[in-house]
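Trainee: I would like a close look at a single part of this protein, together with what surrounds that part. Could you take me through the answer slowly?

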Amino acid sequence: MRALALATLLLIGCPTGDPGEGPGTFVLHIPAAGAEGVPPSTDITAEWTAPVEGVAITVLQDGAALSGQLNQVQEGDVWAWVPDDEFAEEALHSVVIDWATAAEPVSFSFTTGAVLPTPED
């Protein structure tokens with residue numbers, strides 16, 4: 001399910017411009033800035049035009065950092081932050097993405113939706 005959601009979100013992404021210098025230009029993050037109704041099981045994904053190093057993704061809810069695992073995807077041009085637990089439902093989350101060659105971090109927020117019930121067989 002996460003792979004399908006990630007693949008779907010990668011198609012709609014969020015172009016963000018060029019906040020950094022260096023080998024990789026920042027391209028997009030998922031979820032998009034200001035997104036509402038984001039599934040609580042969503043991973044935070046960031047993409048650059050080329051591999052980057054020193055990536056850090058911080059996710060906050062009510063000012064408190066959430067725990068999760070940062071994973072390099074592909075060859076370092078895509079990174080994903082996977083929360084240890086699903087995000088709280090219908091809550092505002094703030095994200096800061098930083099990397100070694102960033103002129104400044106990328107910051108955005110999104111709001112989760114409710115967990116959808118699983119269809120019964």
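Between which two strands is the loop in which Gln 74 lies?

Mentor: Gln 74 belongs to the loop between E5 and E6, where strands are DSSP runs of at least two residues (helices, H or I, at least four) that are numbered from the N terminus. The model is a predicted one, in which local features need pLDDT of at least 70, side-chain atom pairs count only at pLDDT 80 or more, and totals for chains, interfaces and linings use all residues. Residues are numbered from 1 along each chain as its sequence is written, and side-chain values use heavy atoms, with hydrogens and water left out.

Although Gln 74 is not a glycine, its phi is positive, at about 60°. Gln 74 is also exposed, with a relative accessible area of 59% (exposed means over 50%, buried under 20% and partly exposed in between, with a 1.4 Å probe and protein chains only). A similar description fits Glu 90, another residue that is not a glycine, with a positive phi of about 50°; Glu 90 sits in the loop between E6 and E7 and, at 62% relative accessibility, counts as exposed.

The strands on either side of Gln 74, E5 and E6, belong to an open sheet of four strands in the order E1-E2-E6-E5, paired in the antiparallel sense (two strands pair if DSSP finds at least two bridges between them). The edges of this sheet are strand E1 (26–30) and strand E5 (68–73), each of which pairs on one side only. At the E1 edge, four bridges link E1 to strand E2 (residues 44–48) in an antiparallel arrangement, and Phe 26 stands opposite Trp 48 in E2. The loop between E1 and E2 holds Pro 31, which is joined to Ile 30 by a cis peptide bond with omega of about 5°.

Strand E3 (residues 56–61) pairs elsewhere: six bridges join E3 to strand E7 (residues 92–98), running antiparallel, and Ile 57 stands opposite Ile 97 in E7. E3 is also joined by two antiparallel bridges to strand E4 (residues 64–65), and together E3 and E4 make a hairpin with two residues between them, where Asp 62 in the turn has a positive phi of about 55°. The covered face of E3 carries Ile 57, Val 59 and Gln 61, whereas Ala 56, Thr 58 and Leu 60 lie on the uncovered one.

Ile 57 brings these parts together, since its contacts (heavy atoms within 4.5 Å), leaving aside neighbours within four places in sequence, include Ile 44, Leu 70, Trp 81 and Val 95. Ile 57 is also among the residues that touch the most other members of the largest nonpolar core, which has 20 residues (such a core is a set of buried Ala, Val, Leu, Ile, Met, Phe, Trp, Tyr and Cys residues joined through side-chain atoms within 4.5 Å). Each of E2, E3, strand E6 (78–83), E7 and strand E8 (106–111) supplies at least two residues of this core.

As for confidence, the average pLDDT (the predictor's confidence in each residue, from 0 to 100) is 84 for the protein, and 80% of the residues score at least 70. Over residues 1–22, however, the pLDDT is below 50, although this stretch has 41 contacts in the model beyond near neighbours in sequence. Where pLDDT is low, the predicted coordinates should not be read in detail.
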